[in-house]
Amino acid sequence: MIDFLIIGGGIAGVSAAARLSELGHVTLLEGEDALAYHASGRSAALFEENYGKSSTVALNAASRSFHENAGVLSPRGLLLIGNPENADLFSADQSSMQLDPITVAEARSMVPILDPNTFDRAAFDSDAWDIDTDKLIQTFARQARANGALVATKARATAIRRTSSGWVVSTATQTYEAKSIVNAAGAWVDQIAQMASVTPLGFTPLRRSMARIPAPDGHDISAWPMLFGPGEEWYAKPDAGALIVSPADEDPVDPHDAYAEDMTLAEGIARYEAHVTTPVTRLLASWAGLRTFAPDRTLVLGPDPGDPSFIWCAGQGGYGMQSSPGASQLLADIVGGRPSDLAPDTISALSPARFA
């Protein structure tokens, strides 16, 4: 019998597979043709240690050494720009992410297309890093397989049944028996809970859209920082010689294979264009992903209080890539009955028991 049957092959499920495979036999089921097909494969992927709620920041900090040792980080930097109209949001972001104030001239030296007439304040953090998402996923997958884990793609769970000894999970072609289920199904976590007759926790998938545009005016943008509008109203980030621009939308939707809507992209590009001297003349590509949050926008990690053999690894939202090493380690520590390096109040804030 399988010890841990993980449903979902995004960063949550793959990182959980790597950690839990040290405790027992793991099988991971991913419904798509490949791992990280949905949100995990569509992430802007920045490691900014101070980004998120306090429990997320604690997970980020616990993840840093893993990221560094795995060689998945490369320098990026984060630049926040603002004006009197969004001064309060600017101050809040600067404080929460611990950004250093810089001058308008210094900001324009980093990103020369910024229009000095549109902002009068800026703040910067050099300690923000791009994450090689594919390398991170494959690092966890290799670790899981090295410990004997089975990773099955094209294996969507179609039925889940509780038994006296654990669980029976069916796909279109096979049936699996497991002592415990790990629900790492991203936007579909509440649906998986319903299939298992476990009370859903009220997760909401929120659509986040992206547009890829050519490098403005042919600039070499490889060393430009990520640009943030206060309150995360928009952002732009260099990526493979082009620039990703996002309206930072959070539209509630049902779980599905997300796509970007033209009007939403146009609004985001307009917010970006309002701060630069170079207009956007064409798109190279566009896409969307689903960032799924619990009601309190905090990750959910650990056994369900109603049935400890049903384990939540959910609600990563926009923080899954950067927090995954710390989150998966905490999950394994909880399941394995081991002490965690994280503070007790952090562990409590992440526990499914907070919804009981």
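Here are a few questions and answers on how some labels in this predicted model are reached.

Local features need pLDDT of at least 70 and side-chain atom pairs count only at pLDDT 80 or more, while totals for chains, interfaces and linings use all residues. Residues are numbered from 1 along each chain as its sequence is written, and side-chain values use heavy atoms, with hydrogens and water left out.

Q: Why is R76 called buried or exposed?
A: Buried means under 20% relative accessible area, exposed over 50%, and partly exposed in between (1.4 Å probe, protein chains only). R76 has 13% relative accessibility, so R76 counts as buried.

Q: What makes polar contacts for the side chain of R76?
A: A polar contact is a pair of N or O atoms within 3.5 Å; within protein, one must be able to donate a hydrogen and the other to accept it, and residues adjacent in sequence count only if both atoms are side-chain atoms. A polar atom of the R76 side chain lies 2.9 Å from the backbone oxygen of S222, and one lies 2.6 Å from the backbone oxygen of W224.

Q: How do you know that the span of helix α2 agrees with its 17 residues?
A: The expected span is 1.5 Å times one less than the number of residues. For α2 (residues 54-70) that gives 24 Å, and the end C-alpha atoms are 25 Å apart, which agrees.

Q: What makes S63 the centre of a kink in α2?
A: The bend at a residue is the angle between axes fitted to the seven residues ending there and the seven starting there. In α2 the kink is about 35°, centred on S63. S63 is also among the buried residues of this helix.

How values were computed:
Helix = DSSP H or I, 4+ residues; strand = E, 2+ residues; numbered from the N terminus.
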